[in-house]
Amino acid sequence: VEDDPYARDLMALLMWRDWRTRVVAEVGHPEDIRHVLEEEKPNLVLLDADEPDRVSRLVEAIQASPVETGELKILCVATLPDRTALERCLAARRHGYLVRSEIAYALVWAVSLARTGQWVTTPSIVGLVDSLPIEPVVIKDLPGFPGLTPQETETARLGILFNPPRRSLAHEKVKTPDTI
């Protein structure tokens, strides 16, 4: 559930590319989740929590659904840490609160952990969670790819995210296809 189509597309792209996840729907607003719950029966909802009210609206939409959602988990993602949104995410069925810049390409790792019932978060949230009765799993995306040069890192990023044919990637990087 993400109102920004660009953010929604990138998160869906990362999910589609990983064997552990299957995207069953993408919606822009929490209220749109009702028909998804009835038709697809997801086990986890990834929610943009930049507005704390969005968390409450999602809970209301889930509760209004006639479908049994006992196993449904919710993972909140935000641009910046927000104590109010965090407190709402800690209510029933919330399985984490992530800051986008700290999770980046490790998003599916967090989703997989949340699906198993662990409470996942990123480093900047740890200070907000210290006083609360939860034991979070703290994860973060590591910058770059260990052991690769900056040029190799950029080539790997392009290859992983956009999956262009080797010849196209070689042309873009002004290399021969054998070196990509």
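Student: Which residue forms a salt bridge with Arg100?

Tutor: Keep in mind that we're looking at a predicted model. The closest N and O atoms of this pair are 3.5 Å apart, and a salt bridge needs them within 4 Å. So Arg100's partner here is Asp50.

Student: How many residues apart in sequence are the parts that Arg100 and Asp50 tie together?

Tutor: Let's place each one. Arg100 lies in helix H5, residues 100–103. Asp50 is in the loop between strand S1 (44–48) and helix H3. The pair therefore ties together parts that are 50 residues apart in sequence.

Student: Is Asp50 buried, partly exposed or exposed?

Tutor: Buried means under 20% relative accessible area, and exposed means over 50%. Asp50 has 33%, so Asp50 is partly exposed.

Student: What about Arg57, which residue does Arg57 form a salt bridge with?

Tutor: Here the closest N and O atoms are 2.6 Å apart. Arg57 lies in helix H3 (residues 52–64), while its partner is in the loop between helix H1 (5–16) and helix H2 (33–39), so the pair ties together parts 26 residues apart in sequence. That partner is Glu31.

Student: What is the relative accessible area of Glu31?

Tutor: Both ends of this bridge count as partly exposed. For Arg57 the relative accessible area is 21%. For Glu31 the value is 39%.

Student: Where do Arg83 and Glu87 lie?

Tutor: These two form a salt bridge, with the closest N and O atoms 3.2 Å apart. They are four residues apart, so about one helical turn separates them. Arg83 is partly exposed at 32% relative accessibility, and Glu87 is partly exposed at 45%. The place you're after is helix H4, residues 83–89.

Student: Which residues do salt bridges that share partners join into one network?

Tutor: We've already met two members, since Arg100 forms a salt bridge with Asp50. Shared partners link that pair with others. The full network is Glu2, Asp3, Asp48, Asp50, Glu51, Arg54 and Arg100.

Student: How many salt bridges does the structure hold?

Tutor: We've looked at a few, including Arg57 with Glu31 and Arg83 with Glu87. The count for the structure is eleven.

Student: Let's switch to a loop. Which residues is Leu148 in contact with, leaving aside its neighbours within four places in sequence?

Tutor: Leu148 sits in the loop between strand S5 (137–138) and helix H8 (150–162). At 39% relative accessibility, Leu148 counts as partly exposed. Beyond those sequence neighbours, its contacts are Thr153 and Ala156.

Terms used. Residues are numbered from 1 along each chain as its sequence is written. This is a predicted model: local features need pLDDT of at least 70, side-chain atom pairs count only at pLDDT 80 or more; totals for chains, interfaces and linings use all residues. Side-chain values use heavy atoms; hydrogens and water are left out. Helices (H or I, at least four residues) and strands (E, at least two) are DSSP runs, numbered from the N terminus. Buried means under 20% relative accessible area, exposed over 50%, partly exposed in between (1.4 Å probe, protein chains only). Contact means heavy atoms within 4.5 Å. A salt bridge is a side-chain nitrogen of Lys or Arg within 4 Å of a carboxyl oxygen of Asp or Glu.
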